[in-house]
Amino acid sequence: MARRFTVKQPSVIPGFGIAMGFTLAYLGLIVIVPLAALVFRSASIGWAEFWALALDPRVMGAMRLSFGASLAAAGINAVFGLLVAWVLVRYRFPGRRFVDAIIDLPFALPTAVAGIALTSLYAPNGWVGQFFAPGSVLGSLFGDGGLRIAYTPLGIVVALTFVSLPFVVRTVQPVLEEFDAELEQAAATLGAGRWQIVRRIILPSILPALLTGFALALARSIGEYGSVIFIAGNIPYVSEIAPLLIVIRLEEFNYGGATVVAALMLMVSFAMLLLINLIQAWSRRRYGHAV
């Protein structure tokens, strides 16, 4: 009986084995090994001491501020970043290319420079902050004390909104450019109103991309340091962010405390991103669109 031999078909993309090996090695050295070292270092502290350091009021205050301000900034950018992307895609106006290019400025601008610029703008005597100072027209709307932006948690939200805006715009913009406008015209022909078209046709199409931009903006905001420390004021229990607290613990040679704060940020960030990914997967299954 003759033996049958099968000939293995060559891969369409050559070098898969080498490329995959390099990818795994690179990710292992750059991502997995540092994160594993952080987990092992925090585990070596002991659970009792870990939770004692983690539940410290100063640590909890910094964590609430960091993640609360990051969620607020990402939410603001999800709304206004979508609006900016819509204007850039759907309208033609003088200076459009300049506006499109300036969106990427937070990518290129050093974060420390951004922090100094925002502080000078939103300080009580700054170009913008003076309009909210006590005694000003806008400041009187917020009481006798006016509205302080710099050196408060509100200033942190402003800084995080600035640095994370491009992630939403650049994620949603390509999807809007590829969106078929004939679907809107067909819906309008069938009698759908403008809000119905937006809610039932446009938003479901861009929702996965919008969630991706939101997740990227959130991740960028959580780890931001340079632009925040100048405008925050860095007052413990008031305007002190978690990354700054890590630096303070390291300067105090309190490596255990720094490791605990870093591990907490890692766990909460992973949980939040996992939740967002689950929502993305649900939106893809429901609406049948891919990012």
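**Group meeting: salt bridges, ring pairs and a greasy patch**

Let's start with Phe22, which sits in helix α1, residues 16-43. Before I go on, a reminder that this is a predicted model. Phe22 is exposed, at 58% relative accessibility. What is Phe22 part of on the surface? A nonpolar patch of about 900 Å², which Phe22 makes together with Tyr26, Leu27, Leu29, Ile30, Val31, Ile32, Val33 and Leu35.

On to the charged residues. As general background, side chains of opposite charge can pair when their charged atoms come close. How many salt bridges does the count give here? Five. I'll walk through some of them.

Take Glu240 and Arg58. Their closest N and O atoms are 2.6 Å apart, and the two form a salt bridge. Now look at where they come from: Glu240 is in the loop between α10 (229-232) and α11 (242-251), while Arg58 is in helix α3 (residues 57-90), so this pair ties together parts that are 182 residues apart in sequence. Are these two buried or exposed? Glu240 is buried, with 3% relative accessibility. Arg58 is buried too, with a relative accessible area of 18%; the cut-off for buried is under 20%, so Arg58 falls inside it.

Next one: Arg170 with Asp100. Here the side chains meet in a salt bridge at 2.8 Å, N to O. Why call it a tie between separate parts of the chain? Because Arg170 belongs to helix α7 (residues 153-178) and Asp100 to helix α4 (residues 96-102), and those parts are 70 residues apart in sequence. As for exposure, Arg170 is partly exposed, with a relative accessible area of 24%. Asp100 is partly exposed as well, at 23% relative accessibility. And there is another partner to mention, since Asp100, Asp104 and Arg170 are linked in a network of salt bridges.

Then there's Arg249 and Glu252. Their side chains meet in a salt bridge, with 3.5 Å from N to O. Arg249 is buried, with a relative accessible area of 11%, whereas Glu252 is partly exposed at 46%.

Okay, aromatics. How many aromatic pairs does the structure hold? Seven. One of them is Trp47 with Phe50: the ring centres are 5.9 Å apart and the planes are at 75°, so this pair is edge-to-face. Both residues lie in helix α2 (residues 47-54), three residues apart, which is about one turn of the helix. What I'd point out on the screen is the contrast in exposure. Trp47 is exposed, with a relative accessible area of 63%, and Phe50 is buried, with a relative accessible area of 5%.

Staying with rings, let's go to Phe107 and Phe167. Their ring centres are 5.1 Å apart with planes at 90°, so this pair is edge-to-face. Phe107 is in helix α5 (residues 105-108) and Phe167 in helix α7, so the pair ties together parts that are 60 residues apart in sequence. Phe107 is partly exposed, with a relative accessible area of 45%. If you flip back to helix α2 for a second, Trp47 and Phe50 also belong to a cluster with Trp51, linked by ring pairs.

While we're in helix α7, that's where you'll find Ser164. Buried or exposed? Ser164 is buried, at 0% relative accessibility. Leaving aside residues up to four places away in sequence, Ser164 touches Asn77, Ala217 and Ser221.

For the opposite case, find Asp144, in the loop between α6 (111-122) and α7. Asp144 is exposed, with 79% relative accessibility. How far is Asp144 from Gly81? C-alpha to C-alpha, they are 33 Å apart in space, and 63 residues apart in sequence.

Last item, the annotation. UniProt, in an unreviewed entry, lists residues 63-276 as "domain: ABC transmembrane type-1". In this model, that span is 71% helix and 0% strand. Its end C-alpha atoms lie 19 Å apart.

So, to recap what to look for when you open the model: the Glu240 and Arg58 salt bridge, the network of Asp100, Asp104 and Arg170, the ring cluster of Trp47, Phe50 and Trp51, and the nonpolar patch that includes Phe22. That's it from me.

Key:
Residues numbered from 1 in each chain as written. Predicted model: local features only at pLDDT ≥ 70, side-chain atom pairs only at ≥ 80, totals over all residues. Heavy atoms only, no water. Salt bridge = Lys/Arg side-chain N within 4 Å of Asp/Glu carboxyl O. Helix = DSSP H or I, 4+ residues; strand = E, 2+ residues; numbered from the N terminus. Buried < 20%, exposed > 50% of the residue type's maximum accessible area, 1.4 Å probe, protein only. Phe/Tyr/Trp six-rings, centres within 6.5 Å; stacked < 30°, edge-to-face > 60°. UniProt positions renumbered as here; feature names shortened; annotations may be inferred. Patch = residues over 30% accessible without salt bridge, like charges linked within 9 Å, V, L, I, M, F, W, Y side chains within 5 Å. Areas by Shrake-Rupley, 256 points an atom, 1.4 Å probe, with all protein chains shown as cover. Contact = heavy atoms within 4.5 Å.
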